[in-house]
Amino acid sequence: MSKRHPYVGRPDYQFWRKEPALEDIALFDPVGKPSFRIQMSDKVVTAGSCFAQHVARFLAQAGFNFLVTEQPHPLLTDELASRMNYGLFSARYGNVYSARQLRQLLQRAYGEFEPLDAAWETQGGRWVDPFRPQILPGGYVSEQEVVLDREIHLAAVRNAIEQMSVFVFTLGLTEIWSDNRDGAVFPLAPGVAGGRYDEDRYSFHNLTLPEVVEDLQWSLDFIRARNPDVKVIVTVSPVPLNATAEDRHVALSTAYSKAILRIAAEQVTAQNEMCDYYPSYEIITSPFTCSEYFEADRREIAPKGVKHVMGLFLKHYSEIEQAQQSVHTRTEQNPVARQRVRDAEALMQVLCDEEAINNT
Amino acid sequence: MTGPKQFGAAVLILGESHTNALARAIEAAGEDDFVAIDVRNKGEAASGGKINFDSFEGYRPKHLLLAFGGTEHNILGLIETDPRFDFVWPPYETIKAGRTLVPSIAIEDLLAKRLQTGLQRAMEVKERFNCPVHALAPPPPFLAFDERAKLPSAFASLIEAGIAPASVRLKLHAVLCMAMRKAYLEHGINLISAPANSQDENGFLLRTLWNKDPTHGNATYGRLVLEHLKEELNV
């Protein structure tokens, strides 16, 4: 005997009215069945928009093997290293908002693309890297320093790509600013955090669905050509746009952007093995969570929202029942080197004392 | 009954280890216009040295010259670190092969923080005077160790790591001087650079101006500084 209709017997999660989050938002769990698990020994690399920073921090604190290939020199204190964005992501690429930016980061790391804009001067006379203009607060002292530090950075990107077991990428934006001459895409419009806005040189573009899908698929193919076994998790940032370059309300641009990114993520994860979509976007923005996970500015994600997102991540993807406290510090320092600096300080005092005794 | 000492000459130099070269030069030359005092409380010098305010009680100079700190660059870079580092500081735009690049602004930040201790002591001293106040930059870095150079035996274990190359030490000294200039200016105090004639064409301290200890000048260096001060302060 056939079913009365095709929904008969389907699981509760397919029905809105049976969602337990209607009683308690903490019970909201739209994740579904992952196609793989993350071992604690797996090297996890994260990249993406600002929401990806939460992902990186949480993974590190939960005891995952959060891979950081661009480490600070032991001279830097933890506070200073953090301020200079070491350990924010696996390498110091800063926010990678769009799939196009990810694609070009990979191309630049492997020498397949060398943008014409190498460094931007700030109003204060310092310099920034156009492709991560806020990575070094205060800026670089010269164009040459930008170039030298970028060489180190791109080597760290290559190491991350080739060593990682799991890649978590968070799609953030479709709106991009690029150089008309070579198509180089910048995370921030020229003039915002360095450089000079020139309408003839730079232009705005809002990526379409086919473009995002192509850029994301190209990036995955590029990565797997160098690291075939890498598992991939794609997420969409729930953080609304801060501003839009389109002549319309920012809420409309946010809806457009998130729709494109969500569909692109769906398409790409559907056509790739060991490549999952993780619903950060839905956990934060769904009516089931009643907008309770946004801060007062209705944009930033509250810690309890991040905790919900990452708690489910641990539940579904990790080998452990709950977050471990064995934090892998993101700036694993060389304690011997630090001790040497302290010893030098103490001994310099000795030297200065002896100077008072004998230096004639 | 004797009252407090009254010093009416031109320049009183108060500071720490770097004042000793000046004191020796003053003594050797019988200078009347200068007095240099290492104000560290000797009993506590090894722990950073608190100020012995009695050591300059009663002095009423026309100019006060502060010579505090000035070794912070050597704390960071005299002894090689692991990994060995280098940084860019215009006009020195290259780094030595095989060394790890550290962002220049990190070096600036580290040195700016480290000089605060000396600056704070300098400001405590300054509060006691009403005359014009100046600060003195540390001696230029040495070029290289040679058979006459020697560090205290306590350095033996550290020295195995090696001495940082001259180019790195030169840059560290430049950053320290810039940071000192900026920090003292915030207190309305001008930093007086080391005398140009104490340096070789590349900016290193002339070999004749230091003896065994490469981080401090000798009495001859002190003599050059005094001559330099006479010009700068119009004494």
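This short talk covers a sheet, a helix lying across it, and a pair of packed helices in chain A. Keep in mind that this is a predicted model.

Let's start with the sheet. It is open and has five strands. The order is S2-S1-S5-S9-S10 in chain A, and the pairing is parallel. Which strands stand at the edges? They are S2 and S10 of chain A, S10 being residues 275-278. Each has a single partner strand, so one side of each is left without a neighbour in the sheet.

Now look at S1(A) and S2(A). They pair in the parallel sense over two bridges. In one bridge, A:Lys43 has A:Asn65 of S2(A) as its partner.

Next, helix H1 of chain A, residues 50-61. It has twelve residues and reaches 18 Å from first C-alpha to last, close to the expected 16 Å. H1(A) lies across S1, S2 and S5 of chain A, and runs at about 160 degrees to S1(A). Its buried residues include A:Phe51, A:Val55, A:Phe58 and A:Leu59. What covers them? Among the elements covering the buried residues of H1(A) are strand S5 (166-171), helix H7 (280-285) and helix H8 (303-317) of chain A. Just after H1(A) comes A:Gly63, with a positive phi of about 95 degrees.

Last, the helix pair. H5 (residues 209-226) and H6 (residues 250-270) of chain A pack at about 45 degrees, their axes 9 Å apart. That angle makes H5(A) oblique to H6(A). The crossing is right-handed. On the H5(A) side, the residues that meet H6(A) include A:Leu209, A:Val213 and A:Leu216. From H6(A), the contacts include A:Ile260, A:Ala264 and A:Val268.

Note on methods. Residues numbered from 1 in each chain as written. Chains lettered and ligands numbered in written order. Predicted model: local features only at pLDDT ≥ 70, side-chain atom pairs only at ≥ 80, totals over all residues. Helix = DSSP H or I, 4+ residues; strand = E, 2+ residues; numbered from the N terminus. Expected span 1.5 Å × (residues − 1). Buried ≥ 20, exposed ≤ 12 C-beta atoms within 10 Å, placed from the backbone. Contact = placed C-beta atoms within 7 Å. Pairing = 2+ DSSP bridges. Axes fitted to C-alpha atoms, helices over the stretch in contact; angles between N-to-C directions. Parallel < 35°, antiparallel > 145°, perpendicular 65-115°, else oblique. Left-handed = near helix turned anticlockwise from the far one by under 90°.
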